[in-house]
Amino acid sequence: MSEGAVKKEERRKFQAIKGTRDLLPQETALWNRVEQTAHEVFATFGFGEIRVPIFEPTELFARAVGGETDIVSKEMYTFEDRDETSVSLRPEATASVCRAYIEHGMQQFSQPVKLYYMGPMFRRERPQKGRYRQFYQIGAEVLGGTDAPAIDAEVIEMVMTFFEKLELQGVQLSVNSIGCRECRPKYVELLRAELLKVKDKLGPDSQRRIETNPLRVLDSKLESEQAIIAKLPRIGDHLCKECADHYAAVKRGLDLRGVKYLENWRLVRGLDYYMRTTFEITAQGLGSQDAVCGGGRYDGLVELLGGPPTKGIGFAIGEDRLILSLQESGKAPVAQGRDVYIAWMGENARATAVRAAKTLRNAGFSVELPPVEQKFGKALGQADKLGAKYALILGNNEVTSGEWTLKTLADGTQRKVSEQQLFAELKKM
Ligand code: HAM
């Protein structure tokens with residue numbers, strides 16, 4: 001290697017991989033608030049947290065999500081492990097939760113089992129606003145027990161309650177039923193036949209989907225296809241009696257809970273495991289990637305993965321999008337400052353400063369203790385920069401007299417306080 005090449009190599013700057021990003025403290029404060037709210041709200045509905053691995057056998061996702069879906073066929077991060085098995089970073093977590101349900105014999109637990117999760121997912125999509133290759137989901141699944149429509153309604157009520165608590169703006173819920181193993185195949189054949197009649201007028205993606213998955217044509221955002229799609233037969237007119245009754249009962253359940261929704265017969269979702277209820281929620285400020293939550297019923301998925309016949313329904317929220325929407329509507333909390341900045345000078349004051357910091361932190365105050373002594377002027381400047389509320393000034397005089405100086409940074413007033421008074425004073429704020 002030439003010297004020039006070595007230099008160039010040394011200067012190389014590393015950057016986060018395309019589609020991934022760092023979240024800095026100004027942002028993570030909001031992330032933590034959102035996650036804390038999820039823990040609280042989901043607990044009130046009786047859900048417990050599950051943590052599943054970041055990677056799983058590729059076959060799990062291929063089987064559950066579907067080998068023909070975009071997620072599995074184009075977007076998974078798949079690699080061969082050292083023992084030559086194929087593993088993939090999880091593109092979603094429903095498959096893993098179902099695997100865990102089977103693996104831990106959760107059908108023996110009291111049914112239904114109500115679980116939620118949060119964490120990163122991976123899909124190799126084209127990055128844009130609200131779309132990343134590593135993104136975060138907060139999701140929940142209800143497994144086992146019955147397929148009572150009230151479960152669907154309550155799961156949806158739970159997400160809506162969560163969004164309400166966060167004061168998410170412009171929330172719109174769309175619902176649909178995509179039928180079951182009995183009625184959907186018949187509808188899909190009818191749809192395919194109708195699509196074949198207008199094939200020449202469709203774009204290449206939709207043309208291909210006539211063969212692979214005609215339902216996905218309904219998803220098309222292509223302007224030129226909208227008028228054609230509007231005239232296609234609608235699944236709502238072709239549901240079997242059980243599915244039609246179930247769907248009607250889900251809607252009644254939503255009404256009963258005061259949950260507002262729009263019906264969207266074109267809502268089909270991009271994963272193969274769904275049946276009957278499907279839903280999606282959009283929020284404001286997100287541009288084209290405005291779906292903050294997607295979910296639906298997936299009876300039979302556990303069975304498909306080798307478990308007992310099991311009902312299932314759930315959803316996943318795109319946390320990145322949820323945060324973006326909250327930020328756009330000004331709901332983001334301001335970056336956290338400090339309660340107290342300890343400005344100390346002199347070896348005598350060091351021990352007192354360390355002791356004061358320890359006691360204040362134990363009492364729950366956020367304290368900045370500079371590691372080396374600073375002139376008071378400089379220290380107060382630092383305190384201002386950090387947005388501290390108070391500066392505790394500890395010099396030789398303060399330490400010998402036991403009279404500490406507490407300065408309120410907002411108005412510059414200061415007063416003498418004893419160690420005891422300091423705590424009383426700070427607790428008042
Ligand atoms: P999904 O619709 O594929 O469903 O994803 C759910 C949500 O994750 C989307 O609505 C979106 O907010 C977010 N999301 C998806 N891809 C990205 C991305 N590349 N960047 C940022 N956010 C993204 C599922 O994953 C199902 N497992 C949901 C479910 C749970 N159904 C039943 N149970």
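Which of the 27 residues around the ligand come nearest? They are Glu92, Glu125, Glu141, Tyr274 and Ala291. The legends below refer to a predicted model.

**View 1. Polar contacts between side chains and the ligand.** In this predicted model, the side chain of Glu92 places an N or O atom 2.6 Å from a nitrogen atom of the ligand. For Glu141, the distance from a polar side-chain atom to a ligand nitrogen atom is 2.8 Å. Tyr274 also has a polar side-chain atom next to a ligand nitrogen atom, at 2.6 Å. The ligand on its own exposes 650 Å², and 96% of that area is buried by the protein.

**View 2. Make-up of the shell around the ligand.** Two or more residues of the shell are given by each of β6 (134-143), β10 (291-297) and β11 (312-318). The largest share, six residues, belongs to β10. Sorted by class, the shell holds twelve nonpolar residues, eight polar ones and seven charged ones. Ala291, one of the residues that come nearest to the ligand, is at the start of the range 291-297 that makes up β10.

**View 3. The open sheet of eight strands.** The strand order is β1-β5-β6-β11-β10-β9-β7-β8, and the pairing is mixed. Strands β1 (48-49) and β8 (262-263) are at the edges with a single partner strand each, so one side of each has no neighbour in the sheet. Within the sheet, β9 (residues 275-282) and β10 run antiparallel and are joined by six bridges. One residue pair in this region is Met275 with its bridge partner Arg297 in β10.

**View 4. Helices on the sheet of eight strands.** Helix α2 (residues 25-44) lies across β1, β5 (113-122), β6 and β11. The direction of α2 is at about 0 degrees to β6. Helix α5 (residues 94-103) packs on the sheet as well, where α5 touches β5 and β6. The angle between the directions of α5 and β6 is about 40 degrees.

**View 5. The open sheet of three strands and helix α3.** The strands are arranged in the order β2-β4-β3 with antiparallel pairing. At the edges are β2 (55-57) and β3 (78-80); each has a single partner strand, so one side of each is left without a neighbour in the sheet. Ignoring direction, neighbouring strands here are turned against each other by 35 degrees on average. Three bridges pair β2 with β4 (residues 86-89) in the antiparallel sense. Glu56 is opposite Ser88 of β4. Helix α3 (residues 58-65) lies across β2, β3 and β4, and runs at about 80 degrees to β2.

**View 6. Two loop sites with backbone geometry of note.** Most residues other than glycine have a negative phi, and most peptide bonds are trans. The peptide bond from Gln111 to Pro112 is cis, and its omega is near -5 degrees. Pro112 belongs to the loop between α5 and β5. At the second site, Glu167 has a positive phi, near 55 degrees, although the residue is not glycine. The loop that holds Glu167 runs between α6 (149-165) and β7 (172-177).

Methods
Residues numbered from 1 in each chain as written. Predicted model: local features only at pLDDT ≥ 70, side-chain atom pairs only at ≥ 80, totals over all residues. Heavy atoms only, no water. Pairing = 2+ DSSP bridges. Helix = DSSP H or I, 4+ residues; strand = E, 2+ residues; numbered from the N terminus. Axes fitted to C-alpha atoms, helices over the stretch in contact; angles between N-to-C directions. Contact = heavy atoms within 4.5 Å. Near = heavy atom within 4 Å. Polar contact = N/O pair within 3.5 Å; in protein donor to acceptor, adjacent residues only side chain to side chain. Areas by Shrake-Rupley, 256 points an atom, 1.4 Å probe, with all protein chains shown as cover. Nonpolar A, V, L, I, M, F, W, Y, C, P; charged D, E, K, R; others polar.
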